[in-house]
Amino acid sequence: MEILVCIKQVPGSNKVEVDPVTGVLKRDGADSKMNPYDLYALEVGLELKEQYGGRVSVLTMGPPQAKAVLYEAFAMGADEGALITDRKFGGADVLATSYTLSQGIKKFGTFDLILCGLQTTDGDTAQVGPEVSETLGIPCVCNVSAIGAVKAGAITVMMDMPEDIEEVKVSFPCLLTVQKDIMQPRLPSYKLKKATEKRGIQMFTLQDMDDTDEHHYGLNGSPTQVQRIFPPTSDKVQQTLEGTNAEMADQLYRILRKKKFMA
């Protein structure tokens, strides 16, 4: 079974600068990590490989520094990796991102199963996985909370719906987006890290894609664009109260009334 896991490098902190012109996050040079939801997707892929055989490949899209999450995936057991990177891909919304990923997937190989985390911590849209499946023309199951058996060219999964849990059998090729806690992600192996630290990574730019029209990618290919992003202002104020317990309680009461937190 050929398994592909789509992973993403996300900011490692909520203190991230925003480009005042484009309204997108400044990712170059910022502290980063693998999207936590993608760790669960990667674990699902690795456990399916161990149970049924095959290969696990990983694909990410981002600046050159995003290669770090591919090597992290290698240290966990992934077999092959590819990076989609080009300045013309920058500033993409979910539609342009999904299209770029689907183009990269077609160049990377043919896969029976594509796994994605339910969402990312920097966007929280949960739209990219389903849109990739739509662009590739393959079935998709979202909110997968458990994996069943793989049999006769199909996989059985449990889908977490608002009112119930549904069991779904879907034929290959297909795409699944998995919830966190579906499986406990393993820790990277030091031995695997040393063994794979020089492993080659495929690189795909705009010129490598079947569709090389730059108007379909990045900001140019995004029908939705951010008008304005700004960090919330902080109005933290510290005030020290002194006196007896009764006096401080009275002072606190007066402060809360003045701020209209109490009647």
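Select Phe89, Tyr99 and Tyr217 to begin, and a cluster appears in which ring pairs link these three residues. The model on screen is a predicted one, and a search through the whole of this structure finds five aromatic pairs.

Next, select tyrosine 71 and phenylalanine 74, whose ring centres are 5.4 Å apart and whose planes stand at 90°, so this pair is edge-to-face. Both residues belong to helix α2, where they are three residues apart, about one turn of the helix. Which of the labels buried, exposed or partly exposed applies to tyrosine 71? With a relative accessibility of 27%, tyrosine 71 counts as partly exposed, whereas phenylalanine 74 is buried, its relative accessible area being 0%.

For another edge-to-face pair, move to phenylalanine 108 and phenylalanine 204, with 6.2 Å from centre to centre and 65° between the planes. This pair links distant parts of the chain, since phenylalanine 108 lies in helix α3 (residues 94-108) and phenylalanine 204 in strand β11 (residues 202-204), 96 residues apart. Phenylalanine 108 is buried at a relative accessible area of 9%, and phenylalanine 204 is buried as well, at 6%.

Return now to helix α2 and select residues 67-76, among which Val69, Leu70, Ala73, Phe74, Ala75 and Met76 are buried. What covers these buried residues of α2? The cover includes the strands β2 (9-11), β3 (32-34), β4 (55-61) and β5 (80-84), together with the helices α1 (36-52) and α5 (190-196). Just after α2, display the backbone of glycine 77, which takes a positive phi of about 130°.

From the cover of α2, pick out strand β2, which holds glutamine 9. Glutamine 9 is buried, because its relative accessible area of 12% falls under 20%. Its side chain nevertheless has polar partners to display: the side chain of glutamine 9 makes a polar contact with the side chain of serine 32 at 3.0 Å, and the side chain of glutamine 9 also reaches the backbone oxygen of glutamine 65 at 3.2 Å.

The backbone offers several further stops. Select phenylalanine 172 and proline 173, which are joined by a cis peptide bond with omega of about -5°; proline 173 sits in the loop between β9 (165-171) and β10 (174-178). Then go to alanine 126, in the loop between β6 (113-117) and α4 (128-136), where phi is positive at about 60° although the residue is not a glycine. Alanine 126 counts as partly exposed, with 32% relative accessibility. Alanine 152 likewise has a positive phi, of about 55°, without being a glycine, and its place is in the loop between β7 (140-151) and β8 (154-160). How should alanine 152 be classed, as buried or exposed? At 78% relative accessibility, alanine 152 counts as exposed.

Finish at the second largest pocket by selecting Val237, Gln239, Leu241, Ile255, Lys259 and Phe261, the residues that line this pocket. The second largest pocket has a volume of about 150 Å³, and colouring its lining by class gives four nonpolar, one polar and one charged residues.

Notes
Residues numbered from 1 in each chain as written. Predicted model: local features only at pLDDT ≥ 70, side-chain atom pairs only at ≥ 80, totals over all residues. Heavy atoms only, no water. 1 Å grid on protein atoms, 1.4 Å probe; cavity = no way out; pocket = protein on both sides within 12 Å on 5 of 7 lines; lining within 4 Å. Points joined across faces, edges and corners; volume = space filled by probe spheres on them. Nonpolar A, V, L, I, M, F, W, Y, C, P; charged D, E, K, R; others polar. Buried < 20%, exposed > 50% of the residue type's maximum accessible area, 1.4 Å probe, protein only. Helix = DSSP H or I, 4+ residues; strand = E, 2+ residues; numbered from the N terminus. Contact = heavy atoms within 4.5 Å. Polar contact = N/O pair within 3.5 Å; in protein donor to acceptor, adjacent residues only side chain to side chain. Phe/Tyr/Trp six-rings, centres within 6.5 Å; stacked < 30°, edge-to-face > 60°.
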